[in-house]
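Welcome! Open the viewer, keep the sequence panel at hand, and follow along from stop to stop.

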Amino acid sequence: MALLRFSLLLLGVSSVIASPARIARQESMTTTVAAATPAPTAWDEGAVKDFTIHSSCNNTEARQIKRGLDEAMELVSHARDHILRWGNSSEIYQKYFGNASTGEPIGWFEKIVNGDKAGVLFRCDNPDGNCALEADCPRMGHWRGDNATLETVICPLSYETRKSLDAMCGFGYDVANGATNFYWASDLLHRLLHVPKVGEGVVEHYAGEYDECIELAQTHPEEAVRNSDTLQYFALEVYAYDIALPGTGCAGTWTATSSEVPSATLMPSATETETPSITSAAPQMASCTALEGKTDSPVRIEGSG
């Protein structure tokens, strides 16, 4: 009995005294502590996602400008998406941009939709006096140029003449013969491209009339992808073909009409080649067509650019 007790005692002692190997394993054990999760960085802090409308615009004017800007984003978003879907295999793309890479027009359209809009301002108070340089020659609006490079003035006549994008292909309009500024959306696209923060001084007027833009696509596609009017024509045509009248559109066939329409019927519109405003003395122009560049009729007048 004593022997049994002694054996059990030895067994208990051996279980308490750890072996060197066990001690080594215990000493090598580590405790894993979860690292603190870094606070998210607001990399886009301060970004402005919407255009600003100046307090000089009354409620009626502000609503129309806001709706026009919303429609401009719709027009431009679809132009971008059309290229992203079809690339340069699109016949409409080839028509306006030739064999140029798709990256640049996608970039311009994307920048207008999602680029930072801080400082870009639309106003209605005519600070430079350019909305009516002459009593019989009012303007639709203008980029303020060196006076305020981020600012655009929308003149009173715009509210009377600009059409909603819902009316695409209406009022006898077709892309080939219609004015690019016939709709609020395309007119504001044109004005935004003048703002250096958007067009970067790269988007310019390399060609104006429809036939000139089509020719530019074949002769200088590298300029077509940064031509203000080409970007407008393309956006209008793909919207008409894909959205307004799917599979049909209203591309039209370009025809010279200057000899068919009396000059007295011309209406002024936004400048095709915007001239920076001059606060000290507004330049006097001989005619509305020379000043504004295009008509507000859905029919383009040859030679008015």
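## A tour of the fold

Start with the whole chain in cartoon view: the protein has 12 helices and 6 strands. Keep in mind that this is a predicted model. Of its 305 residues, 45% count as buried. The protein exposes about 15400 Å², and carbon and sulfur atoms supply 56% of that area.

Now colour by confidence. The pLDDT averages 80 over the protein, and 70% of the residues score at least 70. Next, select residues 258-305, where the pLDDT is below 50. In the model this stretch has 134 contacts beyond near neighbours in sequence. Where pLDDT is low, the predicted coordinates should not be read in detail.

**Stop 1: the sheet.** Which strands should you select here, and in what order do they lie? The order is β1-β2-β6-β5, an open sheet of 4 strands with mixed pairing. At the edges you will find β1 (52-53) and β5 (141-143), each of which pairs on one side only.

Helix α7 (residues 184-194) packs on this sheet and touches β2, β5 and β6. Turn the view to compare directions: that of α7 makes about 145 degrees with that of β6.

Zoom in on β6 (residues 151-154), which pairs with β2 (residues 121-123) in the parallel sense over 3 bridges. Select R123 and look across to its bridge partner in β6, V153. On the pairing of β5 with β6, the strands run antiparallel and 3 bridges join them. There, G141 stands opposite I154 of β6.

Show the side chains of β6 next. In a regular strand the side chains alternate between the two faces of the sheet. Here E151 and V153 point one way, while T152 and I154 point the other way. Are these four residues buried or exposed? All are buried.

**Stop 2: the core.** The largest nonpolar core has 59 residues, and F122, M168 and F234 have the most contacts inside it. Try colouring the helices that each supply at least two residues of this core, including α3 (59-86), α5 (103-114) and α11 (228-244).

Select M168 and display what surrounds it. Leaving aside neighbours within four places in sequence, M168 is in contact with Y173, Y183, L236, Y239, A240, A244 and C250. Links between distant parts of the sequence also show up over the whole protein: residues 24 or more positions apart account for 73% of the contacts with a separation of 6 or more.

**Stop 3: S228.** Find S228 in helix α11. Why does S228 count as buried? Because its relative accessibility is 3%, and buried means under 20%. Not counting residues up to four places away in sequence, S228 touches H190, L193, V203, E204 and H205. Draw a distance from S228 to L192: the two are 36 residues apart in sequence and 9.9 Å apart in space, C-alpha to C-alpha.

**Stop 4: two loop residues.** Go to F171, in the loop between α6 (157-161) and α7. F171 is a residue other than glycine with a positive phi, near 60 degrees. Its relative accessibility is 53%, so F171 counts as exposed.

Finish at E200, in the loop between α8 (196-199) and α9. The phi of E200 is positive too, near 55 degrees. With 48% relative accessibility, E200 counts as partly exposed.

How values were computed. Residues numbered from 1 in each chain as written. Heavy atoms only, no water. pLDDT = per-residue confidence, 0-100. Contact = heavy atoms within 4.5 Å. Pairing = 2+ DSSP bridges. Axes fitted to C-alpha atoms, helices over the stretch in contact; angles between N-to-C directions. Core = buried A, V, L, I, M, F, W, Y, C linked by side-chain atoms within 4.5 Å. Buried < 20%, exposed > 50% of the residue type's maximum accessible area, 1.4 Å probe, protein only. Areas by Shrake-Rupley, 256 points an atom, 1.4 Å probe, with all protein chains shown as cover.
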